[in-house]
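Colleague: Before I set anything up on this model, could you take me through its fold, its salt bridges and its voids, with the cut-offs behind each term?

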Amino acid sequence: MATPSDLPLSLYKANTEFQLRVNKLVMENWKKWLELSTRAMDDGIAEQQARVEHLIKAQDWAALASMPADTFWRQLQQRMGDASVTNQIAANVQAHFAKGLQDAVQAWQKDTARALGSVGDTGLSEPWKDILSPWGKFHPTT
């Protein structure tokens, strides 16, 4: 059984590990959003280049005049497909983040319960016994 003096260090370790897990999740999430944004920017640049090339290749005024209507409908269809794919990717990114955060919280709870449970009632002063009494009823599984 651990001594009461081990409790602060055990809790510090549990909290630090939790913080590191959450920081890693946030960084991974930012990276995924950055990748998604970069992909959207690259697609926009490629689309603009294709439009300019199409304008340059126009041979007469009639072909040039029909381009805005053709471009509008093509872009509308493409944007609807892009929005659907982007929404699916965004949902997956957020679901991955939420699952990782849930796992981190559960691991923190187990580590904290283990630290508090290992101290027990022996050697604790009265204020600590009162604070830790709810934790004594919980026995974490490893």
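The exchange below takes the fold, the salt bridges and the voids in turn.

Colleague: What kind of model is this, and which pattern does the protein follow along the sequence?

Modeller: This is a predicted model, in which local features need pLDDT of at least 70 and side-chain atom pairs count only at pLDDT 80 or more, while totals for chains, interfaces and linings use all residues. Residues are numbered from 1 along each chain as its sequence is written, and side-chain values use heavy atoms, with hydrogens and water left out. Helices (DSSP runs of H or I, at least four residues) and strands (runs of E, at least two) are numbered from the N terminus. With three helices and zero strands, the protein reads along its sequence as α-α-α.

Colleague: What share of the 142 residues is buried?

Modeller: Buried means under 20% relative accessible area, exposed means over 50%, and partly exposed lies in between, with a 1.4 Å probe and protein chains only. The areas themselves come from the Shrake-Rupley method with a 1.4 Å probe, and for residues only the protein chains shown count as cover. The protein exposes about 10700 Å², of which carbon and sulfur atoms supply 62%. Of the 142 residues, the buried share is 16%.

Colleague: How many salt bridges does a search of the whole structure find?

Modeller: The term requires a side-chain nitrogen of Lys or Arg within 4 Å of a carboxyl oxygen of Asp or Glu. Lys99 pairs with Asp103 at 2.8 Å between the closest N and O atoms, Asp111 meets Arg114 at 3.0 Å, and Arg21 meets Glu17 at 3.9 Å. The search of the whole structure finds three.

Colleague: Which helix holds both Arg21 and Glu17, and are these residues buried or exposed?

Modeller: The two residues lie four apart, about one turn of the helix, in α1 (residues 7-57). Because its relative accessibility is 36%, Arg21 falls in the middle class, and Glu17 does so because its value is 37%. The helix is therefore α1, and both residues, Arg21 and Glu17, count as partly exposed.

Colleague: Why are Lys99 and Asp103 separated by about one helical turn?

Modeller: Lys99 has a relative accessible area of 47% and is partly exposed, as is Asp103 at 31%. Their separation is about one helical turn because they stand four residues apart in helix α2 (residues 61-119).

Colleague: Which elements give two or more residues to the lining of the largest pocket?

Modeller: On a 1 Å grid over the protein atoms alone, a pocket is an open set of points with protein on both sides within 12 Å along at least five of seven lines, whereas a cavity is a set where a 1.4 Å probe fits but cannot get out; lining residues have an atom within 4 Å of a point. Points are joined across faces, edges and corners, and a volume is the space filled by probe spheres set on them. The largest pocket has a volume of about 220 Å³, and its lining includes Leu36, Arg39, Asp82 and Ile89. The elements that give two or more residues to that lining are α1 and α2.

Colleague: What volume does the largest cavity have?

Modeller: The count comes to one cavity of 30 Å³ or more. Among the residues lining the largest cavity are Glu17 and Arg21, along with Trp108 and Asp111. Its volume is about 30 Å³.
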